[in-house]
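User: I'd like to go through this model with you, beginning with the metal site. Could you take me through it step by step?

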Amino acid sequence: MRLSTATVSLSGDLVGKLHACARAGFDGVELFEPDLVVAEESPEEIRALAERLGLRLELYQPLRDIEGVDPGTLADNLRRAEAKFALMRRLGIGTVLVCSNVATATTGDPIVARDQLRELARLAGKYDVRIAYEALAWGRHIDDYRQAWRLVQAVDEENLGVCLDSFHILSRGHDPAAIQDIPADRIFFVQLADAPALTMDVLSWSRHHRLFPGEGSFDLPQFLAHVLRAGYTGPLSLEVFNDVFRQTDTDRTAQHALRSLIDLQERTARLLDPPTAGTAPVAPEAFTFAEIRAENTEPAENLLQQLGFRYRGQHRSRPVRLWAAGQARIILNEQDARGQTATLAALGLDLPDVGAARARAGLLRAPLVFRRVHEGEDVLHGVRAPDGSEVFLCPPSGSEDPPWIGEFTHGSPPTASTITAIDHVNLVQPWEDIAEATLFHRSLLGLEVDSSAQVAGPSGLVTSQVMTDPGHAVRLVLNVAPFGARPGSLAQHIALRTDDIISYVGQNAIDTLPVPGNYYEDLAARFGLRPGFVDELRSLGLMYDRSGGGEFLHFYTPTVGSVFFEVVQRIGGYDGYGAPNAPVRLAAQNRSLLEGRHG
Ligand code: MG
Ligand code: MG
């Protein structure tokens with residue numbers, strides 16, 4: 001099917017938007033009238049540019065507040081519409097979107113609406129224009145697609161059909177199943193948008209918070225399945241009004257938008273015909289490694305030594321070192337890192353079918369990462385996540401060392417370790433990237449949003465969104481940096497798992513992030529803990545949480561560059577991340593930053 005987006009979904013000027021859509025791989029666009037009105041190019045120039053770029057101008061939109069009006073207003077509406085039909089001819093656009101009246105309707109009488117829409121359709125016919133009539137969720141008299149369809153049937157003109165917009169239908173909780181009752185040749189256009197579950201007026205929700213498919217809470221595969229079962233074969237077009245996407249880089253948002261449509265088509269195909277449909281995402285089974293990159297990785301190395309990691313060696317052809325404890329492997333990379341302080345640059349994930357994951361990355365047009373390898377070295381295949389971090393798709397090695405470990409030499413052999421594995425990884429997301437990151441990890445890796453929390457920090461509220469596989473083997477926590485947060489005030493971290501944190505801390509001389517005494521007083525009060533236990537936690541610098549019958553003990557290291565470590569012990573099926581303790585950590589890290597104690 002042809003893939004399209006409304007120009008309103010992107011930032012920039014019309015010419016820039018058309019170029020970005022073509023580069024991303026869209027087949028067409030909906031031309032949003034305000035984008036044309038402010039452009040300096042003539043309609044003929046826009047038409048010629050779209051033709052040269054291979055983009056179809058699928059739809060002109062919107063024409064508002066036409067039907068249910070008094071005769072004087074109707075005459076004015078028809079004059080306005082006729083000017084647009086003539087303009088559409090110059091643009092070479094054959095379909096116009098007409099939204100149900102929200103402002104000027106004086107009557108809800110269906111006979112009046114029918115007669116007035118018929119007049120409009122006959123006028124449009126003179127210009128070979130088709131009208132796609134859309135029920136807005138906040139339409140004054142027509143606010144339901146089933147009502148719009150009844151009206152279109154009553155008018156009974158060949159060039160009048162419906163436009164189905166997932167937002168207007170799903171935001172109102174209307175059952176999309178009746179889409180299948182509409183003949184395919186009367187569905188003139190389909191617009192797709194997702195949205196987060198919010199409690200607010202539907203107009204503000206629609207104008208500011210729409211998301212690309214797969215980023216919100218609407219069941220869009222089900223919606224699209226009804227559309228496809230109806231026999232619709234026209235364009236699938238994104239119409240996403242979102243305050244953030246109006247500000248983000250045009251090319252990047254266009255690529256992000258296209259990825260959402262490809263993913264939605266795939267998910268819908270699996271719903272319609274599971275055995276023969278395309279490639280489902282392959283969920284990862286474990287973290288293979290985490291990589292820290294810096295010009296000088298020694299401060300990170302010092303932390304790893306304190307944490308009881310073993311130095312496993314230096315890479316034979318690159319300035320890269322490996323440290324390991326149990327299945328937790330940390331790569332320290334000094335290649336191409338001049339002037340950089342430590343960042344969490346890459347993750348390796350164990351995937352049961354790397355070939356399928358690579359095929360999926362290609363399908364979703366995920367940017368590939370290139371790393372030069374020498375003769376005889378293992379080739380790792382990676383993709384770049386929206387935050388710039390690299391994700392490497394690794395074959396699972398179970399409890400064995402992965403084969404590429406043989407490329408590290410002059411280190412110590414592994415020994416038994418109290419640290420068993422990487423428990424979770426927290427990645428900081430620029431505030432404008434969270435939707436894109438959610439889609440990326442969900443569509444490519446099959447990770448789903450598990451929970452989301454807001455944590456108060458000194459630079460603002462930090463939204464923390466957990467994404468994980470069904471077995472919770474790989475847990476990624478995406479922390480959204482507050483807008484304008486001081487650089488370095490929010491760091492990334494690698495959390496390591498142990499089964500006995502109390503003896504672990506006792507045995508290793510670890511420089512833990514200081515925890516204020518007030519925290520322990522509050523802890524004792526909140527949970528009714530034994531005083532002796534609270535004293536033990538305090539003396540070891542451990543933090544504590546309890547929920548759902550499980551307990552969580554953890555501590556943080558100081559930060560080097562913008563990375564720190566956490567060590568966690570999960571007891572009795574505790575499934576969280578110690579979120580109630582996060583504000584204490586953020587405040588302590590902020591004090592360290594102000595005191596210049598950052599490594
Ligand atoms: Mg719409
Ligand atoms: Mg954590």
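**Metal site and surroundings**

Analyst: The magnesium ion (ligand 2) has as its protein donors H424 (NE2), H493 (NE2) and E566 (OE), at 2.2 to 2.5 Å from the ion. Donors here are N, O and S atoms within 2.8 Å of the metal (3.2 Å for Na, K and Ca), and since water is not among the atoms, sites may look incomplete. This is a predicted model, in which local features need pLDDT of at least 70 and side-chain atom pairs count only at pLDDT 80 or more, while totals for chains, interfaces and linings use all residues. Residues are numbered from 1 along each chain as its sequence is written, chains are lettered from A and ligands numbered from 1 in the order in which they are written, and side-chain values use heavy atoms, with hydrogens and water left out.

User: How are the donor residues of that magnesium ion spaced in sequence?

Analyst: The spacing for the magnesium ion (ligand 2) is H-x68-H-x72-E. H424 lies in strand β18 (residues 419-429) and H493 in strand β22, so the pair ties together parts that are 69 residues apart in sequence. Strands (E, at least two residues) and helices (H or I, at least four) are DSSP runs numbered from the N terminus.

User: And H424, buried or exposed?

Analyst: H424 is buried, its relative accessible area being 1%, and H493 is buried as well, at 2%. Buried means under 20% relative accessible area, exposed over 50%, and partly exposed in between, with a 1.4 Å probe and protein chains only.

User: What's the strand order in the open sheet?

Analyst: The eight strands of that open sheet run β19-β20-β21-β18-β22-β25-β24-β23, with mixed pairing, where two strands pair if DSSP finds at least two bridges between them. At the edges stand β19 (448-457) and β23 (543-547), each with a single partner strand, so one side of each has no neighbour in the sheet. Between β19 and β20 (residues 460-468) the pairing is antiparallel, over nine bridges, and V449 has M467 in β20 as its bridge partner.

User: Which helix packs on the sheet?

Analyst: That is α17 (residues 582-594), which touches several strands, among them β19, β20 and β22, and whose direction makes about 50° with that of β19. Contact means heavy atoms within 4.5 Å, and the axes are lines fitted to C-alpha atoms, for helices over the stretch in contact, with angles from 0 to 180 degrees between N-to-C directions.

User: Switching topic, how many aromatic pairs are there?

Analyst: There are 16 aromatic pairs in the structure; rings of Phe, Tyr and Trp (its six-membered ring) pair if their centres lie within 6.5 Å, and planes under 30 degrees apart count as stacked, over 60 as edge-to-face and the rest as tilted. For F32 and F241 the ring centres are 6.2 Å apart and the planes stand at 75°, so this pair is edge-to-face. F32 lies in strand β2 (residues 28-32), whereas F241 lies in the loop between β8 (236-238) and α10 (250-272), so the pair ties together parts that are 209 residues apart in sequence. F32 counts as buried at 12% relative accessibility, and F241 is buried at 8%.

User: Which residues form the aromatic cluster?

Analyst: One aromatic cluster is formed by F289, F392, W404 and F408.

User: And how big is the whole protein?

Analyst: Along its principal axes the C-alpha trace spans about 85 × 60 × 45 Å, the secondary structure comes to 17 helices and 25 strands, and buried residues make up 55% of the 599 residues.
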